Amino acid sequence: MTMSPGWYLRRLSRMGPREVGDRAGDALRRRRWRSALPHGPSVTGGRFTSTLPAGTIAAVPPDAAKRLVAEADRLMAGHAEFFGVAREDLADPDWWHDPKTGRRAPRGYAFDVPYRDEEAVGDVKQIWELSRHQYLTVLAAAYAITGDDRYAERVAQHLRSWWAANPPLRGVHWISGIELGIRLLSWVWIRRLLDGWPGVATLFENNPVAVNQVWHHQRWLAAFPSRGSSANNHVIAEAAGQLAAACAFAWFPTSARWRFSALRSLERHLRDNTFASGLNRELATEYHGLVLELGLAAVAEAEAAGVPVPASIPDVLLRMTDALAAIVDNRVRPPRQGDADDGHGLVVDGADTDRWASLLATGEAVFGRLDWWPAVTGTDVRTPFLAALMRTRPRSGAAPAKDRPASRPGHFADAGLTILRGPEEIWCRCDGGPHGFLSIAAHAHADALSVEVRHDGVDVLADPGTFCYHGQPEWRQYFRSTLGHNTLRLDGDEQSLSGGPFLWTRHARSRVLYPDASATGTARWCAEHEGYRPSMHRREVELNSSARELRIVDQVRGPRRTIRLAFHLGPAIAADLAGERAALTWGLEGETRSATLDLPGQLSWRAHRGESNPPLGWYSPGFGRKEPSTTLIGTGFADGGEAFATVLRFFG
């Protein structure tokens, strides 16, 4: 996907004067660096002292260690999967190759590489993912736990290969700051986890090539931070990686300055990226997880190095952890809101480890759990690793801070997110919040007033997900469109206007009229948005616990307009549509569950499944993957504030 001149004009229109000036300065710096690459200091023989405390490895639960080693052995055999694409070349990878398209990214000056153009580069996410080196942190963790030199030797082989193939500012791996930041964090942990291996100093601090790479990564991050309308999760990753490297690899005259600026950036941008309620402002749940992982890892590095951390940083991470505990369902699954690209901050666990349970386990170890938190039964490797480095965690049994929620929140007013809960583990997310974060709302979807409903962790009314970013514009547009969510569309228009794959030029404004998520008998929610001006869409949701019934009522106030009302069913749901009633069935743990969905009789209903022209009836379980699911679409007219009522009833 190449960007047209119109896209650049639209993108420019979303910037303020200061951002335009800063980006002009960045452009001049890139031009200077093309002809005069900065030279790093000739420094070797530095010390690495940020090792794991004694007893940390022994604290890793045996089942978590077993999963980790199994994953490491799969990687040693050359097998991996990234974004739905199997790779069999992990024994000796090609760092520039995209296995999905078969293309190789061009060599040359980094800032000349057209990374958004799949025809020229391939799928850049596929190329970048391997070079985050998070599979190498898995191998390094396997060495730390087993002492088997094979894992360390493979890590060393791949790092030397990568450093040789990717000299500073050459090629696709020197374009994006988030990639450099996460890669630095991986290198810090690789050095830490290989500390007992005899060759580790020769690989890192006594290796001029490694030292040069570390310096140039940090120099790049200091020169080209994400700015203004792009200061979202990317700037958190950049600051976290910079801080980690400046603490653990403090080998350069500039290390103290880099450390100070990274800590200041992390403090500012964590605050700016987080609502007071603790939810991430991008309103994309996976990025809440990514930012929380990055923040915890950054604090761990600073505390391990004895660097004072401003109190506001762990305070934000605490609020984020409590917010995560509040919004998950009974299976510890959070909402599927907004973009999701399977991005992680630090990976030291096997593939079957539950990401969200792991984050809550770390939160419990670092901050202490509250009585209303959901039970976490899984185990992980990352929690004992991080907790061992974080010096300020409370003593076991310490009383929670007085400003933490005394009971489980159901409504997050600043984020416009409400969770309704009922019997039999009925869980419903209602969306009445801002369209997204900053002027471009890069990771937002056109999902105002959408709902997401689960029964015992099974998606019944599902958010279809994300699937892709670059290279497949029709699929990118579908998965973030209004029609791609459980909400209402008028006259074929979008609630918010897209200007490109990560750009929204008009944002629908929503407001919650009343939330009553704490009711024991019937929980209610009502919100409206003005994205279809002059019309106004209002939606009311009522969860009746005694009747095990969810009622959704839509109204459109304004002139007569065509209407399309969408309900996306989860991939496990079988649907039999007859007129205005759909009989739903699914299996869970050997039992058959069922429900009925009574749809508005004023509309004509059709079921769609796995259609591609145009896309309709799909569910993306993870980035790069999609599978057919059933979507019910009702068409008709909205006239004079008429109510359209939908009732979902659950049975045994």
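The following questions and answers explain some of the terms applied to this predicted model.

User: What kind of model is this, and how are its residues numbered?

Analyst: This is a predicted model, in which local features need pLDDT of at least 70 and side-chain atom pairs count only at pLDDT 80 or more, while totals for chains, interfaces and linings use all residues. Residues are numbered from 1 along each chain as its sequence is written, and side-chain values use heavy atoms, with hydrogens and water left out.

User: Why is P62 called exposed?

Analyst: Exposed means over 50% relative accessible area, buried means under 20%, and partly exposed is in between (1.4 Å probe, protein chains only). P62 has 67% relative accessibility, so P62 counts as exposed. P62 lies in helix α3, residues 62-76. Helices (H or I, at least four residues) and strands (E, at least two) are DSSP runs, numbered from the N terminus.

User: Why is helix α16 described as largely enclosed?

Analyst: Eight of the eight residues of α16 (residues 382-389) are buried, so the helix is largely enclosed by the rest of the structure. Among them are F385 and L386. The buried residues pack against α6 (134-146), α8 (177-193), α13 (285-304) and α15 (355-367). Contact here means heavy atoms within 4.5 Å.

User: What makes α8 oblique to α13?

Analyst: The axes of α8 and α13 cross at roughly 50 degrees and come within 12 Å. Axes are lines fitted to C-alpha atoms, for helices over the stretch in contact, and angles run from 0 to 180 degrees between N-to-C directions. Angles under 35 degrees count as roughly parallel, over 145 as roughly antiparallel, 65 to 115 as roughly perpendicular, and the rest as oblique. That crossing angle therefore makes α8 oblique to α13. The contact is made by I182, L185, V188, W189 and R192 of α8 with L294, A297 and E301 of α13. By class, this contact has six nonpolar, no polar and two charged residues. Ala, Val, Leu, Ile, Met, Phe, Trp, Tyr, Cys and Pro count as nonpolar, Asp, Glu, Lys and Arg as charged, and the others, Gly among them, as polar.

User: Why is α14 called oblique to α15?

Analyst: Their axes come within 10 Å and cross at roughly 130 degrees. This crossing makes α14 oblique to α15. On the α14 side the contact involves P314, L317, L318, T321, L324 and A325, and on the α15 side W356, L359, L360, G363 and F367. The classes are nine nonpolar, two polar and no charged residues.

User: What makes β3 and β7 edge strands?

Analyst: The open sheet has five strands in the order β3-β4-β5-β6-β7, with antiparallel pairing. β3 (411-412) and β7 (458-461) each pair on one side only. Two strands pair if DSSP finds at least two bridges between them. Two bridges join β3 to β4 (residues 417-421), and H411 has T418 as its bridge partner in β4. At the other edge, β6 and β7 pair over three bridges, and R454 has D459 as its partner in β7.

User: How do you know that strand β6 is largely enclosed?

Analyst: Five of the five residues of β6 (residues 451-455) are buried, so the strand is largely enclosed by the rest of the structure. Both faces are covered, with V451, V453 and H455 on one side and E452 and R454 on the other. β6 also pairs with β5 over five bridges, in the antiparallel sense.
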